[in-house]
Amino acid sequence: MARTPRVEIHPASIKHIKRGHPWITLDRFSAEFPKSPKFLRSRLDEKNFAVLLNDPNHPNVKARVWDVSTKSLIEDNEFVYDLKGRLYKSFELRPKSQFDRDNVYICFGEADKLPGLFIQKLSDHILIQFYADFWNHFERDVIKITREKFPNETVWVQKRNLKQEKEFFCATNKKKTEENIVLTEYGVNYHVKFNKFYDIGIYTDMSAIRERIGKTLADKDVLNLFSYTGVYSLYALKKEAKSVVSVDLSKKYINWLEENLEINPELDASKHEAMVMPTKKALMKLIDQGRTFDVIICDPPSSSTDGKKRTKAIDAYKELIPLIEMCLNKKGKAYIFLNTHSITRNKFEDRVRKYIEGSRLKVSDPIKLSGDCPSLKGFPEGDYLKGLTLHKS
Ligand SMILES: C[S@@+](CC[C@H](N)C(=O)[O-])C[C@H]1O[C@@H](n2cnc3c(N)ncnc32)[C@H](O)[C@@H]1O
């Protein structure tokens, strides 16, 4: 059998792979990678090759490291054997009893040595998400291995694409095109919708962070900016917040938030208020009304629109942070997030420090992915969800 094609990689890539970095991004070397092979290999030193998962369609991450090995041929059956070992290990690392929620990542991509492959258990459903087209070659194997381990669960597969178009199918029932379920996170119920929109209604990568922030919400006036389906808002009500205001541009998601409130009759919905408008407009309105909050949660998409122009979250914070400060009570806290792998934590923090110069805000406690969503040493891009706490003196 022919050897696995060998490619040259940038000397910096060799250095990074040796330190544990699992990506080869677009450069003059990776631009020349052949498109058709599933696997590539590249020499790291006299003995070892990096075994690479080829992803020619990805605009930036052209290949992901699977292994460091002396072998010159990677065969499919051997790969599937390793895949099964890694998936089982990843599933077993997260026993259900460890979490007080129905939604748990049971495979978290690169950090579980399964680059570009993310799997969530959502009540009695499993959602497999491919962030790299490479996985299309082994789609059936991933489904088969997952079903062996979870024989009674409904399995959905989603190909995450850069156009953010929904692309789901139900692997256990081909006739099923959409499905709505209800799951419980920390005692609160949420509607989750498969194949309705690009995202399903709850961000499980935020769950561990939510639990941590929840500890600070009792008896507080809480403002939840970019609230989406209201998961933070409902959790704040659960944690006995005094009042909660949710802001989102989209009526569709605020309706979903209200549907979520309806399936939690024990929460006091009269303490909740929704504002359907851009965050900046909402903050200015609240300032005009003289309303202030003890806690502000701000989790914008990596880039967003005010209805007219598109702005990156990191730039939008320049205008948002002073408004957030005005809406914060003395000794109040703002939890601000940046959700992108393309800006490092240091850069985010540097920018925020510039934006708060001369203000009464101070940066403290970084907030990181944790629990079922670990990050990998030497891979800052995997630490994509970055949060900072701002304290007002
Ligand atoms: C990343 S989601 C927020 C997730 C949410 N924090 C959670 O944990 O479930 C981003 C949300 O921001 C909303 N959005 C986008 N641009 C906005 C803007 N300029 N003002 C207010 N909401 C906006 C979207 O409709 C979407 O619901």
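In this predicted model, the loop between β6 (117–122) and β7 (125–130) contains Ser123. The phi of Ser123 is positive, at about 55°, although the residue is not a glycine. With a relative accessible area of 23%, Ser123 is partly exposed; the value lies just on that side of the boundary because buried means under 20%.

A second residue with a backbone of this kind is Glu240. Glu240 follows helix α5 and belongs to the loop that runs between α5 and β13 (243–248). Its phi is near 65°, a positive value in a residue other than glycine. Glu240 has a relative accessible area of 53% and is exposed, since exposed means over 50%.

The helix that precedes this loop has another character. Helix α5 covers residues 231–238, and seven of its eight residues are buried, so the helix is largely enclosed by the rest of the structure. The buried residues are Val231, Tyr232, Ser233, Leu234, Tyr235, Ala236 and Leu237.

Which residues of α5 meet helix α6? Two positions in α6 supply part of the reply, namely Leu257 and Asn260. Leu257 touches Ser233 and Leu234, among other residues, and Asn260 is in contact with Leu234. Helix α6 itself comprises residues 251–262.

Leu257 is buried, with a relative accessible area of 0%. Apart from residues up to four places away in sequence, Leu257 touches Ser227, Tyr228, Thr229 and Gly230, the two α5 residues Ser233 and Leu234, and also Ser246 and His272. Pro34 lies elsewhere: 223 residues separate Leu257 from Pro34 in sequence, and their C-alpha atoms are 47 Å apart in space.

Asn260 likewise has 0% relative accessibility and counts as buried. Leaving aside neighbours within four places in sequence, the contacts of Asn260 are with Asn189, Tyr190, His191, Thr229 and Leu234. Thr229 and Leu234 thus appear in the contacts of Leu257 and in those of Asn260.

The ligand can be considered next. Sixteen residues surround the ligand, and Asp248, Leu249, Thr279, Asp299 and Thr305 come nearest among these 16. Asp248 is the end of strand β13 (243–248), the strand that bounds the loop of Glu240. By class, the shell consists of nine nonpolar, four polar and three charged residues.

Which residues place an N or O atom at 3.1 Å or 2.9 Å from a nitrogen atom of the ligand? A backbone N or O atom of Leu249 lies 3.1 Å from a ligand nitrogen, and a backbone N or O atom of Thr279 lies 2.9 Å from a nitrogen atom of the ligand. A side chain takes part as well: an N or O atom in the side chain of Ser304 is 3.4 Å from a nitrogen atom of the ligand. On its own the ligand has 610 Å² of accessible area, of which the protein covers 90%.

Helix α8 (residues 313–327) contains Asp315. At 36% relative accessibility, Asp315 counts as partly exposed. Not counting residues up to four places away in sequence, Asp315 touches Arg351 and Tyr355. The side chains of Asp315 and Arg351 are joined by a polar contact of 3.1 Å. These two residues are 36 residues apart along the chain, and 8.8 Å separates their C-alpha atoms.

These local views can be set within the whole chain. The secondary structure of the protein amounts to nine helices and 20 strands. The C-alpha trace spans about 75 × 50 × 40 Å along its principal axes. A compact globule of 393 residues would have a radius of gyration near 21 Å, and the 22 Å of the protein agrees with this. Of the 393 residues, 53% count as buried. The protein exposes about 18500 Å², and carbon and sulfur atoms supply 49% of that area. Among contacts between residues at least 6 apart in sequence, 63% join residues at least 24 apart.

Note on methods
Residues are numbered from 1 along each chain as its sequence is written. This is a predicted model: local features need pLDDT of at least 70, side-chain atom pairs count only at pLDDT 80 or more; totals for chains, interfaces and linings use all residues. Side-chain values use heavy atoms; hydrogens and water are left out. A residue is near a molecule or strand if one of its heavy atoms lies within 4 Å of it. A polar contact is a pair of N or O atoms within 3.5 Å; within protein, one must be able to donate a hydrogen and the other to accept it, and residues adjacent in sequence count only if both atoms are side-chain atoms. Accessible areas come from the Shrake-Rupley method with a 1.4 Å probe; for residues, only the protein chains shown count as cover. Ala, Val, Leu, Ile, Met, Phe, Trp, Tyr, Cys and Pro count as nonpolar, Asp, Glu, Lys and Arg as charged, and the others, Gly among them, as polar. Helices (H or I, at least four residues) and strands (E, at least two) are DSSP runs, numbered from the N terminus. The radius of gyration is taken over C-alpha atoms; the globule rule is 2.2 Å times the number of residues to the power 0.38. Buried means under 20% relative accessible area, exposed over 50%, partly exposed in between (1.4 Å probe, protein chains only). Contact means heavy atoms within 4.5 Å.
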